[in-house]
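This briefing goes through a single protein chain topic by topic, with the aromatic contacts, the pocket and a few charged side chains in turn. Please keep the coordinates open while reading.

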Amino acid sequence: MILESAQLDVIPGKEEAFLADFRRARPLIAAQPGFLALRLLPCLDEGRGSRFLLQVEWERLEDHTEGFRRSAEYPEWGRLLHPYYDPFPLVEHYGEPLPGLD
């Protein structure tokens, strides 16, 4: 399992529209081969109400980087969600927890 992580900075004032479009976009990613789970967490720190943390669990790195990003569904994902971001998110991928440190 790998974990995709992205800090999503939504344009202030667009949070509710973003969440509505995220609900529409979620099935596009959830249907992908290798998709395991998704979490969207709101930032609770003062002054960060338009920041979210997206975490997606995939079976393999390639399920995201080659599968979803090259899928027929990805352009619709981008059309729905990418206009909300400023700046565009940095997406990173993480491996399994290190033994003895989890």
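Are Phe-35 and Trp-58 buried or exposed? In this predicted model, Phe-35 is buried and Trp-58 is buried as well. The two residues belong to a wider set of aromatic side chains, and that set is taken up before the pocket and the charged residues.

**Aromatic pairs and the cluster**

- The structure holds 10 aromatic pairs, and one of them is formed by Phe-22 and Trp-77, whose rings meet edge-to-face with 5.8 Å from centre to centre and 65° between the planes.
- Because Phe-22 lies in helix H1 (residues 15-30) and Trp-77 in helix H3, this pair ties together parts that are 55 residues apart in sequence.
- Phe-22 and Trp-77 are both buried.
- For Phe-35 and Trp-58, the ring centres are 5.9 Å apart and the planes stand at 85°, so this pair, too, is edge-to-face.
- Phe-35 sits in strand S2 and Trp-58 in strand S3 (residues 51-58), so that the pair links distant parts of the chain, 23 residues apart.
- One aromatic cluster takes in Phe-18, Phe-22, Phe-35, Phe-52, Trp-58, Phe-68, Tyr-74, Trp-77, Tyr-84, Tyr-85 and Phe-88, and the members of both pairs described above are thus included in it.

**The largest pocket**

- The largest pocket holds about 180 Å³ of space, and of the 15 residues that line it, Glu-4, Tyr-74, Trp-77, His-82 and Val-91 are the closest to its centre.
- Strand S1 (2-9) and helix H3 (74-81) are the elements that give two or more residues to this lining, with S1 giving the most, namely 3 residues.
- Sorted by class, the lining consists of 11 nonpolar, 2 polar and 2 charged residues.
- Trp-77 appears in both topics, since it is named among the residues closest to the centre of the pocket and also among the members of the aromatic cluster; Tyr-74 is likewise listed for the pocket centre and for the cluster.

**Arg-39 in strand S2**

- Arg-39 has its place in strand S2 (residues 35-42), and with 32% relative accessibility it counts as partly exposed.
- Beyond residues up to four places away in sequence, Arg-39 touches Leu-3, Leu-53, Leu-54, Gln-55 and Glu-57.
- With one of these residues, Glu-57, the contact is polar, running from side chain to side chain at 3.3 Å.
- The C-alpha atoms of Arg-39 and Gln-55 are separated by 5.2 Å, although the two residues are 16 residues apart along the chain.

**Asp-9 and Asp-21, two buried acidic residues**

- Asp-9 is found in strand S1 and counts as buried because its relative accessibility is 13%, which falls under the 20% limit.
- The side chains of Asp-9 and Gln-7 are joined by a polar contact of 3.3 Å.
- Setting aside residues up to four places away in sequence, Asp-9 touches Ser-50, Arg-51, Tyr-84, Tyr-85, Asp-86 and Pro-87.
- Asp-21 has its place in helix H1, and at 12% relative accessibility it counts as buried.
- A polar contact of 2.6 Å joins the side chain of Asp-21 to that of Tyr-84, and, apart from neighbours within four places in sequence, Asp-21 is in contact with Leu-80, Leu-81 and Tyr-84.
- Tyr-84 is therefore a residue that both acidic side chains lead to, as it is listed among the contacts of Asp-9 and among those of Asp-21.

**The loop between H3 and S4**

- Asp-86 is placed in the loop between H3 and S4, and it counts as exposed because its relative accessibility of 57% lies over 50%.
- Leaving out residues up to four places away in sequence, Asp-86 touches Asp-9 and Ile-11.
- The C-alpha atoms of Asp-86 and Arg-26, which are 60 residues apart along the chain, are separated by 20 Å.
- The peptide bond that leads from Asp-86 to Pro-87 is cis, with omega near 0°, and Pro-87 is found in the loop between H3 and strand S4 (91-94).

Key:
Residues are numbered from 1 along each chain as its sequence is written. This is a predicted model: local features need pLDDT of at least 70, side-chain atom pairs count only at pLDDT 80 or more; totals for chains, interfaces and linings use all residues. Side-chain values use heavy atoms; hydrogens and water are left out. On a 1 Å grid over the protein atoms alone, a cavity is a set of points where a 1.4 Å probe fits but cannot get out, and a pocket is an open set with protein on both sides within 12 Å along at least five of seven lines; lining residues have an atom within 4 Å of a point. Grid points are joined across faces, edges and corners, and a volume is the space filled by probe spheres set on the points. Helices (H or I, at least four residues) and strands (E, at least two) are DSSP runs, numbered from the N terminus. Ala, Val, Leu, Ile, Met, Phe, Trp, Tyr, Cys and Pro count as nonpolar, Asp, Glu, Lys and Arg as charged, and the others, Gly among them, as polar. Buried means under 20% relative accessible area, exposed over 50%, partly exposed in between (1.4 Å probe, protein chains only). Contact means heavy atoms within 4.5 Å. A polar contact is a pair of N or O atoms within 3.5 Å; within protein, one must be able to donate a hydrogen and the other to accept it, and residues adjacent in sequence count only if both atoms are side-chain atoms. Rings of Phe, Tyr and Trp (its six-membered ring) pair if their centres lie within 6.5 Å; planes under 30 degrees apart count as stacked, over 60 as edge-to-face and the rest as tilted.
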